[in-house]
Amino acid sequence: MRSEYNAKEEHSVYAVLKSFRPAIRGILTASAIGRNIKVHYLAAIAAMMGGLYFDITKIEFLIILVVIMQVICLEMVNTAIEKTVDLVTSEYHPYAKIAKDVAAGAVLIAAIFSVIIGGIIFLPYLLKM
Ligand SMILES: Nc1ncnc2c1ncn2[C@@H]1O[C@H](COP(=O)(O)OP(=O)(O)OP(=O)(O)O)[C@@H](O)[C@H]1O
């Protein structure tokens with residue numbers, strides 16, 4: 001009976017809303033401590049304003065939004081991995097190096113592709129000016 005009651009509590013709307021709190025705290029913390037994420041935010045704002053200015057199509061705008069979401073989420077995961085590695089060791093360790101380098105590499109790949117995708121979308125509009 002007791003476990004059934006707990007399950008109900010855990011699945012209540014309040015419990016679901018409460019579970020958002022650490023997630024929102026994570027977004028704010030990553031925004032405050034991350035240097036690169038601020039650059040991503042600026043690029044995201046510029047891309048969205050460019051999209052509005054050039055009146056790009058709905059599909060193009062959706063692609064821009066997906067790319068923005070991808071880069072920002074990867075940057076946050078990168079920060080989480082960096083902090084986890086720092087928590088585990090402050091000593092030099094080859095595995096720590098691999099973990100941090102691979103996480104940073106994932107962000108770099110996403111950022112490079114976002115520039116390419118941005119170029120493919122915006123270049124025709126820029127050339128028409
Ligand atoms: N404990 C460690 N062992 C081995 N190499 C490490 C270790 N910590 C960091 N490194 C190396 O140094 C690089 C930079 O790590 P650092 O933690 O300073 O991250 P960062 O990229 O400068 O990010 P930020 O400045 O946002 O913290 C890593 O990519 C990795 O190659």
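Helix 2 and helix 3 are roughly perpendicular to each other, a label given to angles of 65 to 115 degrees, whereas angles under 35 degrees count as roughly parallel, those over 145 as roughly antiparallel and the rest as oblique. The axes of helix 2 (residues 13-33) and helix 3 (residues 35-54) cross at roughly 100 degrees and come within 5 Å. Axes are lines fitted to C-alpha atoms, for helices over the stretch in contact, and angles run from 0 to 180 degrees between N-to-C directions. Helices are DSSP runs (H or I, at least four residues) numbered from the N terminus. The contact (heavy atoms within 4.5 Å) involves Ile27, Ala30, Ser31, Ala32 and Ile33 on helix 2, and Arg35, Ile37, Lys38 and Tyr41 on helix 3. Its residues comprise six nonpolar, one polar and two charged; Ala, Val, Leu, Ile, Met, Phe, Trp, Tyr, Cys and Pro count as nonpolar, Asp, Glu, Lys and Arg as charged, and the others, Gly among them, as polar.

The model is predicted, with pLDDT of at least 70 required for local features and 80 or more for side-chain atom pairs, while totals for chains, interfaces and linings use all residues. Residues are numbered from 1 along each chain as its sequence is written, and side-chain values use heavy atoms, with hydrogens and water left out.

Helix 4 (residues 58-88) packs against helix 2 at about 80 degrees, with the axes 10 Å apart. Helix 2 is therefore roughly perpendicular to helix 4. Here Gly26, Ile27, Ala30 and Ile33 of helix 2 meet Met76, Thr79 and Lys83 of helix 4. Four residues of this contact are nonpolar, two are polar and one is charged.

Between helix 3 and helix 4 the angle is about 175 degrees, and the axes are 10 Å apart. Helix 3 is thus roughly antiparallel to helix 4. Helix 3 contributes residues including His40, Tyr41, Ala44 and Met48, and helix 4 residues including Phe61, Ile64, Ile68 and Glu75. This contact has 13 nonpolar, three polar and one charged residues.

The ligand is surrounded by Arg35, Glu82, Glu91, Tyr92, His93, Ala96, Lys97, Lys100 and Asp101, each with a heavy atom within 4 Å of it. Six residues of this shell are charged, two are nonpolar and one is polar. Helix 5 (residues 94-128) supplies the largest share, four residues. Polar contacts are pairs of N or O atoms within 3.5 Å. A polar side-chain atom of Lys100 lies 2.5 Å from a ligand oxygen atom, and a ligand nitrogen atom is 3.0 Å from a polar backbone atom of His93. The protein buries 59% of the 610 Å² that the ligand exposes when taken alone (Shrake-Rupley method, 1.4 Å probe).

Terms used: A polar contact is a pair of N or O atoms within 3.5 Å; within protein, one must be able to donate a hydrogen and the other to accept it, and residues adjacent in sequence count only if both atoms are side-chain atoms. Helices (H or I, at least four residues) and strands (E, at least two) are DSSP runs, numbered from the N terminus.
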